[in-house]
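Biologist: Please take a close look at one part of this protein, the place where its two domains meet, and describe it in one connected account.

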Amino acid sequence: MSDLPSKVHIHEEGPREGFQIEKGPIATARKIELIDALSETGLEKIQVASFVSPKAVPGWVDADEVVKGFKRKPGINYHVLWLNEKGLQRALMHQKEGAGLDMFGSISTTASETFMRKNTNRGYDDNVRIQGNQIKIYQENNIPVVRASIMTAFGCNYEGPVEVATVIKRLAEILALAEEMGCAIEYVSLADTMGWANPASVKRVVGAVREKWPELGINLHLHDTRGLGIANAYAGMQMGVTEFDSAVAGLGGCPFAALKGAAGNVCTEDLAFLCEEMGIETGIDVDKLVEVAQLAEDIVGHPLAGSLMHAGTLTAARAAAKAA
Ligand code: COA
């Protein structure tokens, strides 16, 4: 096990991912209840809402109220998603009103231009211009631009398999822009938006990105669409990746992924369980998180995909075995 990291950082995206795809409507108070419960589980970073167009994503029509309403627990970084200047301006407005959000700049692209158009109504040329405009706003507001992300990095339901060379080309394009504009990017986020990755392709893409930019950290944003989420995360850990996005109970999925049952991120409590069972520190109380996963199921009103939330952790099973 010497090739595995001793600690991994798990970024919870369940609220943002989940409420963007649920048919709902889900009461604002219940969204806040989920975020507050997540804050009690040892998570260090939670993505709480999505400042995108409510016409595109009706589930986040109440993002402003959610951001105003949840309890801030000291030590946790709470952040929100935006994909355009309007969304960024909404986040800045909350910040000026004392929201205490973790504001960091992220420049983004996709390996599939068709998906970019479906998701954000823009193509590559427009995207570079839009990312440049956003960098200016970050700089005017003293927000560090630290992250470069690429969606559909492993395959796309519209365009098919994605070559590693395409991932490198698209990342190079936005990293060149970041350098030109004086940003110190710290890490790259590789997203398997549509569940095309497998452990071998995770190793191939992570290996190629690391070879090209050895100074950058790597985050994996994996979806569990075809049941390989945990295996893919494990492959990432074998490559030394220590940053993962995940969603409690396996909530979520991208509404623009051309998949009827688009699955959410790899399930947080299942991923944390994998780590803790193997002696990899996460800082997460897995038993508490299982309770939050069950709460999430109650909030959305239908069964969710997580395994541990149905089977239970081994804490109770070990105690029962000992007592027998
Ligand atoms: N917040 C609130 N409203 C927004 C908004 C935002 N961030 N961005 C756009 N809008 C509104 C505009 O005000 C406009 O409203 P109007 O018709 O009443 O004037 C309308 O949405 C269209 O705006 P426009 O700038 O033309 O955007 P667009 O139609 O080109 O869409 C996006 C671009 C990015 C806003 C839209 O595609 C989107 O929000 N996509 C969401 C993608 C997503 O969440 N994916 C899942 C996670 S990756």
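Modeller: The domain bounds used here come from an automatic or database domain assignment, and the model itself is predicted. On that assignment the protein is divided into domain 1, made of residues 1-103 together with 247-324, and domain 2, which covers 107-244. The C-alpha centres of domain 1 and domain 2 lie 21 Å apart, and the contact between them takes 37 residues from domain 1 and 33 residues from domain 2.

The size of an interface is often given as the accessible area lost when the parts come together. By that reckoning, domain 1 and domain 2 bury about 2900 Å² between them, with 63% of this area on carbon and sulfur atoms. Within domain 1, the residues that lose the most area to domain 2 are Leu83, Phe256 and Val266, which together account for 19% of what that side buries.

Turning to polar interactions, the rule finds 0 salt bridges across the interface of domain 1 and domain 2, whereas 16 residue pairs, both members at pLDDT 80 or more, are in polar contact between the two domains.

As for the elements involved, the side of domain 1 that touches domain 2 draws at least two residues from each of β1 (9-12), α1 (14-21), α4 (85-96) and α10 (268-277). Of the elements on that side, α4 gives the most, with 5 residues. In composition, the residues of the side of domain 1 that touches domain 2 divide into 21 nonpolar, 7 polar and 9 charged.

Conventions. Residues numbered from 1 in each chain as written. Predicted model: local features only at pLDDT ≥ 70, side-chain atom pairs only at ≥ 80, totals over all residues. Heavy atoms only, no water. Contact = heavy atoms within 4.5 Å. Buried area = accessible area lost by both parts, 1.4 Å probe. Salt bridge = Lys/Arg side-chain N within 4 Å of Asp/Glu carboxyl O. Polar contact = N/O pair within 3.5 Å; in protein donor to acceptor, adjacent residues only side chain to side chain. Helix = DSSP H or I, 4+ residues; strand = E, 2+ residues; numbered from the N terminus. Nonpolar A, V, L, I, M, F, W, Y, C, P; charged D, E, K, R; others polar.
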